Amino acid sequence: MSDFNRDGRTDLVARDSAGSLWLYPGTGTGRFLPRRLMASFWNGFTAIVTPGDVTGDGNADIIVRTAAGALRVYPGNGRGGLSASRQIGRGWRGLTITNAGDMTGDSRPDLLARDRAGKLWLYPMIGNASIRPRRLIGTGWQHMTAILCAGDLSGDKRADILARDGAGRLWLYRGNGAGRVIRRTLAGAGGWRVMTALVTPGNLDHARGNDLLARDTAGRLWLYPGNNAGRFGRRRQVGHGWQVMRWIT
């Protein structure tokens with residue numbers, strides 16, 4: 001869970017076209033309190049992910065990739081702000097990076113990355129934002145237009161992967177709790193291709209299960225509540241004007 005102010009509620013982070021990084025504190029009902037500025041001049045980063053607490057201090061953190069391919073962690077301070085960054089990896093240029101939840105079952109969040117050949121890799125993380133040797137999850141993922149780790153969507157207490165294919169369908173890949181996935185099932189029929197951003201924030205509304213956020217071409221933000229069985233309920237609008245955001249996580 002990405003709780004940056006330690007109020008027990010999931011938050012959202014977004015970077016706008018000017019490079020400003022904003023925190024949208026969650027209310028626990030699927031909506032957000034007034035946003036707060038977290039940082040400026042973040043336009044130089046080519047990836048921004050919020051995997052949760054990767055440093056082991058109890059605060060949610062942010063991991064970014066620089067234009068040179070270096071991976072850096074910005075530790076959260078527990079008050080909606082960030083501490084000074086430090087480098088935790090290099091050679092990440094050319095990878096599509098996303099959060100991975102706890103796919104290995106060690107109670108620590110991990111990272112996912114797809115390379116140019118379509119191979120999907122799991123990068124297990126341990127305390128102090130250290131990254132262990134990667135593991136191959138699967139091949140052929142170059143056909144997916146979005147890859148997200150949604151935590152536990154299926155209700156079996158194991159982190160899963162959600163992916164959108166070129167036809168606009170959503171697929172759920174159930175995690176096995178040991179860093180692998182088993183057969184996929186359809187989580188959403190065609191029509192998701194029109195969404196310009198997909199975000200898996202966790203259990204944003206504190207209801208049945210982990211949820212999905214989607215931004216449409218008009219900049220409206222929609223909440224799709226999870227049913228804790230690999231599907232989503234009726235959507236509701238939770239924001240507008242989000243077309244100015246270049247990164248949402």
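Here are some exercises on the structure above, each with a worked solution.

**Before you start**

This is a predicted model, so local features need pLDDT of at least 70 and side-chain atom pairs count only at pLDDT 80 or more, while totals for chains, interfaces and linings use all residues. Residues are numbered from 1 along each chain as its sequence is written, and side-chain values use heavy atoms, with hydrogens and water left out.

**Exercise 1. The whole protein**

Task: Work out which secondary structure the protein has, and what its radius of gyration says about its overall form.

Solution:
- Step 1: Take the secondary structure. The protein has zero helices and 22 strands. Both are DSSP runs numbered from the N terminus: helices are H or I with at least four residues, strands are E with at least two.
- Step 2: Apply the globule rule. That rule is 2.2 Å times the number of residues to the power 0.38, with the radius of gyration taken over C-alpha atoms. For 249 residues a compact globule would come out near 18 Å, and the protein has 16 Å, which agrees.
- Step 3: Look at the extent. The C-alpha trace spans about 40 × 40 × 30 Å along its principal axes.

**Exercise 2. Inside, outside and charge**

Task: Find what percentage of the residues is buried, and how far apart the mean positions of the positive and negative charges are.

Solution:
- Step 1: Set the cut-offs. Buried means under 20% relative accessible area, exposed means over 50%, and partly exposed is in between (1.4 Å probe, protein chains only).
- Step 2: Read off the share. Of the 249 residues, 57% are buried.
- Step 3: Turn to the surface. About 10,900 Å² is exposed, and carbon and sulfur atoms supply 46% of it. Such areas come from the Shrake-Rupley method with a 1.4 Å probe; for residues, only the protein chains shown count as cover.
- Step 4: Handle the charges. Lys and Arg count as positive, Asp and Glu as negative, and His and the chain ends are not counted. Each charge is placed at NZ of Lys, CZ of Arg, CG of Asp or CD of Glu. There are 36 positive and 18 negative charges, with mean positions 7 Å apart.

**Exercise 3. T46 and T249**

Task: For T46 and T249, find the place in the chain, the burial class and the side-chain partner.

Solution:
- Step 1: Start with T46. You'll find T46 in the loop between β3 (36–39) and β4 (47–52). Its relative accessible area is 33%, so T46 is partly exposed.
- Step 2: Look for its partner. The side chains of T46 and R65 make a polar contact at 2.7 Å. That term means a pair of N or O atoms within 3.5 Å; within protein, one must be able to donate a hydrogen and the other to accept it, and residues adjacent in sequence count only if both atoms are side-chain atoms.
- Step 3: Now T249. This residue sits in the segment after β22 (245–248). Its relative accessibility is 11%, so T249 counts as buried.
- Step 4: Name its partner. The side chain of T249 has a polar contact of 3.0 Å with the side chain of T50.

**Exercise 4. L120 and its surroundings**

Task: Place L120 in the fold and list what it touches.

Solution:
- Step 1: L120 belongs to strand β10 (residues 120–123).
- Step 2: With 1% relative accessible area, L120 is buried.
- Step 3: List the contacts, meaning heavy atoms within 4.5 Å. Beyond four places in sequence, L120 contacts L112, A113, R114, R135, L136, I137, G138, W141, I147 and I161.
- Step 4: Check a distance. L120 and G140 are 20 residues apart in sequence, and their C-alpha atoms are 8.2 Å apart.

**Exercise 5. Two positive phi angles**

Task: Compare A129 and N228: where is each, what is its phi, and is it buried or partly exposed?

Solution:
- Step 1: A129 lies in the loop between β11 (125–126) and β12 (130–131). Its phi is positive, about 60°, although A129 is not a glycine.
- Step 2: A relative accessible area of 2% makes A129 buried.
- Step 3: N228 lies in the loop between β20 (221–226) and β21 (236–239). N228 isn't a glycine either, and has a positive phi near 65°.
- Step 4: At 33% relative accessible area, N228 is partly exposed.
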